[in-house]
Amino acid sequence: MAEVSEDAFLLASRGVARDLGAWVVGAVFDAANRAAFVLADGTLRLPDAGEWRAITAHEGGILSAAADIKDGWLTGGDDGLLMRTAPDGSTTRIADYKGKWVDHVAAHETGLRAAAVGKTVHLLGPAGPLKALAHPSSVGGIAFDTKGKRIAASHYNGASLWFVGAKEDKPRVLEWKGSHHAIAFSPDGTHVVTAMQEPALHGWRLTDGQHMRMSGYPTKTRSIAFTSKGRWLATSGAESIVLWPFFGGGPMGKAPTELAGGDEVMVTAVACHPQHEVVAAGFGDGLVLMAEIASGKVVPVAPPSGSPVSALAWSPNGAGLAFGTEAGRAGIVDLSRRS
Amino acid sequence: MSETKTETQIPVTVLTGYLGAGKTTLLNRILSENHGRKFAVVINEFGELGVDNDLVVDADEEVFEMNNGCICCTVRGDLIRIIGGLMKRKGRFDGIIVETTGLADPAPVAQTFFVDEDVKRATKLDAIVTVVDAKHLPARLKDSPEAQEQIAFADIIVLNKMDLVTPEEGDEVERLIKAINPYAEIRRSTKSDVPLESVIGRDAFNLARILEREPDFLEHDDHEHDSEVNSVSFEVSKPIDAEKFNAWISQLLQTKGQDLLRTKGILYYAGDNRRFAFQAVHMIADGDYIGEVKEGDPRKSKIVFIGRDLNRPQLRRGFEACQVEG
C-alpha cells in the first residue's frame with residue numbers, strides 16, 4: 001500500500017483517530033453500536049463527538065474486553081476485577097478474583113458473562129455467579145456459541161466444551177496436543193477452531209470429531225474470525241489475510257484464499273463484517289484495510305502509523321469499524337451510507 | 001536472543017534454587033535495595049515468603065511440550081501469558097524477575113526465551129541465578145536431579161549460608177559446584193547478601209559475552225564425578241569448517257539434546273576474519289558473528305558442554321574433526 005496517498009484512506013474522509021498513549025487491548029462496540037477503546041492503562045475511551053471521554057475502570061491494567069450483555073462493556077484486569085462500564089460512563093464491579101489476572105472475558109445477550117481466571121472459567125448471570133468451570137491448565141481463550149448455549153475454553157492439549165445450562169458440569173473435551181489460545185465457534189455452532197502456540201490452527205468438526213489442521217503460517221496466529229454465514233475463517237499471522245473455506249468439504253484438503261498481501265508486513269488482527277463477506281485487517285505497521293472476499297477488492301482504511309494493530313472490530317450494524325495499535329493510536333471510521 | 005533490539009528488550013532474571021536455600025531472601029534484598037530500578041516479579045504460587053513489591057504476578061509453572069518434534073523442547077506457557085500481559089504496560093518496570101519453585105527444572109524457563117516469538121521480541125534473558133545452601137547442597141546433589149540441573153544452568157551461583165559451614169566445607173561445596181559447572185560465577189554469602197550488580201544486569205546470554213569468563217580451575221583436572229551432570233570443554237587451534245561444524249552440532253543436539261543442558265562455543269571459521277559465537281539450551285541453538293578477530297588473538301576455537309553422561313572422547317573427536325584439514 002506504499003503508493004496510496006493519505007486522502008485515499010477512509011480515515012481521512014470518514015473517520016477520526018487519536019493517540020491515546022497506551023496499548024489498545026480492545027476496540028469494542030456494544031450491541032447499540034457504541035464504540036469503546038479499552039486500554040492497557042486501566043481506562044476506557046469513549047469516542048463521543050468532540051472530546052473522547054476517559055473512564056478509569058481498573059486500578060491496574062486491563063487484559064481483556066468484550067461487549068457486555070445488553071449494552072456497555074465488560075473488562076477484566078490484572079487487579080483481579082471483572083468490571084462493567086455502562087454507556088453513561090458509570091462503572092460497576094461485577095466480580096473480584098482477589099488479584100488474580102482476569103485473562104479473558106466474554107458476554108452473551110441472553111444474560112451471560114464469563115471470565116477466565118487461571119484455570120477456571122467463571123460463568124455469571126445478571127444476578128451474579130452461576131458456576132465455576134475447572135480446566136486442567138490455564139485457559140487460553142473463551143467463546144460462547146451464537147445462541148449462548150455453550151461456552152468453549154481453550155487450554156493445553158485441546159479445548160473444553162461446556163453446556164451453560166447443564167445440571168452436571170461435564171465438558172466435552174476436544175483433544176489435540178499443544179497449547180491453544182484464541183478460540184472461535186463457527187456461527188452455526190458446528191465447528192470449533194483454536195490458534196496454537198505453533199504457527200498453526202486446529203479445528204474440530206463437532207458432529208463427528210473430525211480434526212482439521214491449518215498450518216503454514218510464518219508467525220503465531222492471534223486473531224481468528226468467521227464470516228457472518230460461517231463460509232470463511234479469516235486469520236492473522238501471515239503477510240496476507242488467510243481465509244480458510246468452510247464449505248464444499250473444506251477446509252480439509254483445500255488451499256486457503258489469500259487477500260491483500262504483498263507488502264511483507266504481517267497481518268496482526270482480523271475482523272469480519274457482520275453481514276457481508278468483507279474482512280477488515282490490521283497489519284504490523286499499523287495499516288488497516290478491508291477486503292471483499294469474492295472480488296478481492298481492497299479498500300484502504302488507515303495508513304501505517306508504525307505500530308502493530310492490536311485491536312480491530314466492526315459495529316454490529318456494520319457501519320462502524322474501529323481499530324487500535326500497541327502504541328496507543330486509536331481510530332474509528334463511519335461507513336454508513338451518506339444521503 | 002536477537003542482538004538487534006537489545007535496547008527495547010526488557011531484561012529477565014531467572015531465580016532458581018532449592019526450597020530454603022535463601023531465594024526469597026535474595027529476592028526481597030533485590031527489591032528493597034535503594035537502586036531506583038523497578039522490577040515486575042513473577043513468583044510461584046507456593047512461594048516460601050511474602051514478597052513486598054508493587055508488581056507481583058502469581059505463576060502456575062505450566063510446562064508444555066512444543067509440537068516441533070523435539071521432545072525436550074518444553075516451555076512455560078504461563079510465562080508466555082504473563083509476559084504478554086506485562087508488556088502491554090511497559091514503562092512500569094525496568095526488569096522482570098522470575099522465581100521458580102525449588103523443584104523446578106530451569107530448562108523450560110530458559111527455553112521460553114528462545115522459542116516464543118512474542119517473548120523474544122519483548123524481552124531478553126539476562127541471567128540464570130541459582131541460590132544454593134552451602135550446608136545442605138552436598139546432600140541435595142546426591143538425591144535430586146533438579147538440584148544438579150539448577151547448578152548446570154546457572155550463570156551465577158549464590159553460595160549461601162556460609163556462616164553455617166566451616167571454611168573446608170565451603171571449599172568442598174565449591175568443588176562440587178565446579179565439577180558440574182565451572183563456568184558459573186560463584187558468590188559466597190550469608191543471608192543472600194550479594195551485591196545487586198552481581199545478579200542483575202549480567203547479560204549472560206548475550207552471544208558477544210559467551211565464554212568471556214575463564215573458569216578458575218585446572219581445565220583438564222580429572223576429578224571424580226560426584227554427580228551425573230558435569231562439563232567438558234575442548235579447544236582446537238586449526239580453523240573450523242563451518243559446514244562440518246553445523247552438520248556435527250545439529251546431529252549432536254538432535255540425538256543427545258536431552259542430556260546436553262547448556263552448550264557454548266566460540267569458533268574461528270576458515271577464511272573468515274570474524275568470530276562466531278554459539279549457544280544452546282538442550283536442542284535449541286542460537287548463533288551469530290560477534291565481531292572481527294582481534295589483533296594477537298590466538299584463534300583457538302572452543303566448545304563447552306554441560307550435561308549428563310558426556311562421552312568425552314567421542315565429543316572431542318567430533319569437534320576435532322570439524323577442523324580444516326592440512
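Student: What pLDDT does chain B average?
Tutor: This is a predicted model, so to speak of confidence we use pLDDT, the predictor's confidence in each residue, from 0 to 100. In chain B, 90% of the residues score at least 70, and the average is 87.

Student: Over which residues at the beginning of the numbering is the pLDDT of chain B below 50?
Tutor: Residues are numbered from 1 along each chain as its sequence is written, while chains are lettered from A and ligands numbered from 1 in the order in which they are written. The stretch in question has 11 contacts (heavy atoms within 4.5 Å) beyond near neighbours in sequence. Its pLDDT is below 50 over residues 1–6.

Student: Within what arc do the buried residues of H1(B) fall?
Tutor: Helices here are DSSP runs of H or I, at least four residues, and strands are runs of E, at least two, numbered from the N terminus. In H1 (residues 23–32) of chain B, the buried ones (under 20% relative accessible area, 1.4 Å probe, protein chains only) are B:Lys23, B:Thr24, B:Leu26, B:Leu27, B:Ile30 and B:Leu31. Looking down the axis and taking directions from it to the C-beta atoms, you see these residues line one face of the helix, because they fall within an arc of 160°.

Student: How far is the side chain of B:Thr130 from the backbone oxygen of B:Gln150?
Tutor: B:Thr130 is in strand E7 of chain B, and it's buried, with a relative accessible area of 1%. Among the residues B:Thr130 touches are B:Thr16, B:Gln150 and B:Val158. Its side chain reaches that backbone oxygen at 2.8 Å.

Student: How much area do chain B and chain A bury between them?
Tutor: Local features need pLDDT of at least 70, side-chain atom pairs count only at pLDDT 80 or more, totals for chains, interfaces and linings use all residues, and side-chain values use heavy atoms, leaving out hydrogens and water. Here 24 residues of chain B are in contact with 26 residues of chain A. Buried area is the accessible area (1.4 Å probe) that two parts lose on being put together, summed over both. With 46% of it on carbon and sulfur atoms, the total is about 2,200 Å².

Student: Which element supplies the largest share of the side of chain B that touches chain A?
Tutor: Strand E3 (56–59), strand E4 (63–65), helix H2 (77–87) and helix H4 (117–122) of chain B each supply at least two residues of that side. The largest share, 8 residues, comes from H2(B).

Definitions and conventions
Buried means under 20% relative accessible area, exposed over 50%, partly exposed in between (1.4 Å probe, protein chains only). A polar contact is a pair of N or O atoms within 3.5 Å; within protein, one must be able to donate a hydrogen and the other to accept it, and residues adjacent in sequence count only if both atoms are side-chain atoms. Lists of a residue's contacts leave out its neighbours within four places in sequence.
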